[in-house]
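Ready to work through a protein model by hand? Keep the viewer open, try each task on your own, and then compare with the steps that follow it.

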Amino acid sequence: MLRCWKHSEDRCEDAECTDGGSAASPQSHFPHKAFWVIFSASLLLVIITLALTGHLGLSQPPAESLQLVRITAPDQTGLLINQSAVVDLQNDLVTFSITSPANQTSTVLFDVKHGLICYKPMDQESCFLRKMEESDYNNVHSLLQESTHKQGQVQLSRNETQRQREFLGVLAGSPVDVSTLEEPLQTLCRHSSVHWTRRVDGPGNQRLVYFCIDICFPSNICVSVCFYYLPE
């Protein structure tokens, strides 16, 4: 117990502020408590940031797995065929967008993993499927090479380009259920009728070729794929 006389009131106040200290104790502990609160909040913020960064990194495909290659080649009449190919190295997909002189675009998707080709012609609500053959794998391989991606632009010469023609008969009597297709074929053909095709020697004299799609590859090969409907 601290006693002070009236005539020494000032001294009493000095002693009370410096004495053993029940009044000073809460103030001396406050900085330590504030430090731990701030430290805990900062640590929690760092953990949340790292968790979000890791989640986004896993959910998004690497940017380097997608490559865009533009291919320009003259057709048999000398007109330029402008097309682009998006190469998805991670999923073994090559998607061609082929633009005609009338500014209409057809889509051809090579699903290497499942061994399928999907043709979606311009101005048609139809998709046509075919199983990949050895020549298809060889043609697509020229786009999967790393050197092709670094170029980004491929210009084919008319004199050096090999031209091939394929005839595909459409099996119109056996439509395919879109829901049974794997992605991204299901997305591409979601609002379209889907039919299988098979390679044939030619349409014959009694069959009319309905349309053709020209596809050019960096290996100096252009393939004209022509479709006609087989009898049911």
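**Exercise 1: Trace the sheet**

In this predicted model, 11 strands make up an open sheet with mixed pairing, in the order 7-1-2-3-4-5-6-9-8-11-10. Task: find which strands are the edge strands, and work out how strand 3 runs against strand 4.

Solution.
- Step 1. Go to the two ends of the order: strand 7 (153-155) and strand 10 (211-217) are the edge strands, each pairing on one side only.
- Step 2. Look at how neighbours are turned: on average, neighbouring strands of this sheet make an angle of 25° with each other, direction ignored.
- Step 3. Zoom in on strand 3 (residues 93-99) and strand 4 (residues 105-111): they run antiparallel and are joined by 7 bridges.
- Step 4. Pick one pair to check: Leu109 in strand 4 is the residue that Thr95 stands opposite.
- Step 5. Recall the background: strands in a sheet pair through backbone hydrogen bonds, in a parallel or an antiparallel way.

**Exercise 2: Build a charged network**

Task: starting from Arg130, find which residues are joined into one network by salt bridges that share partners.

Solution.
- Step 1. Start with the overall count, which is 5 salt bridges in the whole structure. As a reminder, oppositely charged side chains can pair when their charged atoms come close.
- Step 2. Follow Arg130 to Glu133: their closest N and O atoms are 3.9 Å apart, which counts as a salt bridge because the cut-off is 4 Å.
- Step 3. Follow Arg130 to Asp136, where the side chains meet in a salt bridge at 3.1 Å, N to O.
- Step 4. Compare the surroundings: Arg130 is buried at 3% relative accessible area and Asp136 is buried at 4%, whereas Glu133 is partly exposed at 31%.
- Step 5. Add Arg199, whose side chain forms a salt bridge with that of Glu133 (3.2 Å, N to O). Arg199 sits in strand 9 (residues 193-200) and Glu133 in the loop between strand 6 (126-131) and helix 3, so this pair ties together parts 66 residues apart in sequence. Arg199 is partly exposed, with 35% relative accessibility.
- Step 6. Put the network together: shared partners link Arg130, Glu133, Asp136, Glu166 and Arg199.

**Exercise 3: Find the buried side of helix 3**

Task: list which residues of helix 3 are buried, and then look at what the side chain of Ser142 approaches.

Solution.
- Step 1. Mark the buried residues of helix 3: Asp136, Asn139, Val140, Ser142 and Leu143.
- Step 2. Look down the axis: these residues lie on the same side of helix 3, because they cover an arc of only 140°.
- Step 3. Bring in helix geometry: an α-helix has 3.6 residues a turn, so residues three or four places apart point the same way.
- Step 4. Select Ser142, which is placed in helix 3 (residues 134-144). Ser142 has a relative accessible area of 8%, so it counts as buried.
- Step 5. Check its side chain: a polar atom there lies 2.6 Å from the backbone oxygen of Asn139.

**Exercise 4: Compare a record with the model**

Task: find where UniProt places the feature "transmembrane region", and what the model shows at residues 208-230.

Solution.
- Step 1. Read the record: the unreviewed UniProt entry places this feature at residues 34-58 and 208-230.
- Step 2. Inspect residues 208-230 in the model: the span is 0% helix and 70% strand, and its end C-alpha atoms lie 10 Å apart.

Terms used
Residues are numbered from 1 along each chain as its sequence is written. This is a predicted model: local features need pLDDT of at least 70, side-chain atom pairs count only at pLDDT 80 or more; totals for chains, interfaces and linings use all residues. Side-chain values use heavy atoms; hydrogens and water are left out. Helices (H or I, at least four residues) and strands (E, at least two) are DSSP runs, numbered from the N terminus. Buried means under 20% relative accessible area, exposed over 50%, partly exposed in between (1.4 Å probe, protein chains only). A polar contact is a pair of N or O atoms within 3.5 Å; within protein, one must be able to donate a hydrogen and the other to accept it, and residues adjacent in sequence count only if both atoms are side-chain atoms. UniProt positions are given in the numbering used here, feature names are shortened, and annotations may be inferred rather than shown by experiment. Two strands pair if DSSP finds at least two bridges between them. Axes are lines fitted to C-alpha atoms, for helices over the stretch in contact, and angles run from 0 to 180 degrees between N-to-C directions. The arc is that of the directions from the helix axis to the C-beta atoms.
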